[in-house]
Amino acid sequence: MPSASDASDRTPKLFAISDLHVAYTENRDIVELLRPESPDDWLIVAGDTAEKVADVEWALRTLAGRFAKVVWTPGNHELWTHKQDPVQLRGDARYQHLVARCRELGVSTPEDPYPVWRGPGGPVTVAPLFVLYDYTFRPAGTTTKEEALAVAHESGVVCTDEMVLHPDPYQSREAWSAERVRITEKRLEDRPPGLPTILVNHWPLTRHPTRVLTYPEFALWCGTEATADWHVRYEAKTVVYGHLHIPRTTYEDGVRFEEVSVGYPREWQRQRHPDPALRQILPVPGAAS
């Protein structure tokens, strides 16, 4: 069932999901079915909602009408300038346009004050981040972006971002990523002290999750080494991410990492694939109350 459980427990919960890809009818149907368990539930949407602005708006409007708070951060698909999208903004202008639409819907973004979850498992600062990638998750034996991309091209593994994710006004995607790292570090360092964090980014914050990729060259488009210690430095209780379409729970340095993606229908419809459901972040499932 692609929703929170139907249990009678009305304890407020913080849920997460990502990679909804609602351009697919089957995935749109999942969004139609998603429901909170209580009037006070929050939902994190960790990117790749859709490629077209109108589809992103539809999904977030639908979810914001059901959950007490929705927290969104963009993925690479939201940042694509899709030739069939009436909104032809590129790069940072596209991102800022999406932020403005989210604010109209009452959805929190990486540009807004970080909300504090005060329900069970809290208080904790929920920090939606927008940090891209910079080609530092390189294949073995390569030491530069150019060498790494050459290996990827030879392997036939090249992310669509190379064609449709434009970094304007920055010179490159890695330059944009560096600026996002700088901005985000300052925001995290300036956050009110005393609370742990839930760090939310579409791309993994560490390289470890990419080690299980079927095509390891794809890691080039999956993050940056600049964030490798953020889960420790910024006192993360949990790190939430998507992008890989490999939903699972792992631990690094004692910190829980949750990959919360739905993915494409051909993926989540496979036998034994996890249900495309909301993932409970807080209270931690199975933890003593």
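Biologist: Is Glu-37 buried or exposed here?
Modeller: In this predicted model, Glu-37 has a relative accessibility of 6%, and because buried means under 20%, Glu-37 counts as buried.

Biologist: And what does the side chain of Glu-37 meet in a salt bridge?
Modeller: The side chain of Glu-37 meets that of Lys-13 in a salt bridge, at 3.0 Å from N to O. The two residues are 24 residues apart and link distant parts of the chain, with Glu-37 in the loop between α1 (25-33) and β2 (42-45) and Lys-13 in the segment before β1 (14-17).

Biologist: Lys-13, then: buried or exposed?
Modeller: Lys-13 is buried, its relative accessible area being 5%.

Biologist: Switching to the helices, which residue pairs with Lys-145?
Modeller: Lys-145 forms a salt bridge with Glu-174, at 2.9 Å from N to O. Lys-145 belongs to helix α5 (residues 145-155) and Glu-174 to helix α7 (residues 173-189), so this pair ties together parts that are 29 residues apart in sequence. Lys-145 counts as partly exposed at 22% relative accessibility, and Glu-174 counts as partly exposed at 23%.

Biologist: What about Glu-185, which residue does it bridge to?
Modeller: Glu-185 forms a salt bridge with Arg-233, and their closest N and O atoms are 3.3 Å apart. Since Glu-185 lies in helix α7 and Arg-233 in helix α8 (residues 230-233), the pair ties together parts 48 residues apart in sequence. Arg-233 is partly exposed, with a relative accessible area of 35%.

Biologist: Which residues are linked in a network with those two?
Modeller: Glu-189 and Asp-229 are linked with Glu-185 and Arg-233 in a network of salt bridges.

Biologist: How many salt bridges does the count come to?
Modeller: The count comes to 18 salt bridges.

Key: Residues are numbered from 1 along each chain as its sequence is written. This is a predicted model: local features need pLDDT of at least 70, side-chain atom pairs count only at pLDDT 80 or more; totals for chains, interfaces and linings use all residues. Side-chain values use heavy atoms; hydrogens and water are left out. A salt bridge is a side-chain nitrogen of Lys or Arg within 4 Å of a carboxyl oxygen of Asp or Glu. Helices (H or I, at least four residues) and strands (E, at least two) are DSSP runs, numbered from the N terminus. Buried means under 20% relative accessible area, exposed over 50%, partly exposed in between (1.4 Å probe, protein chains only).
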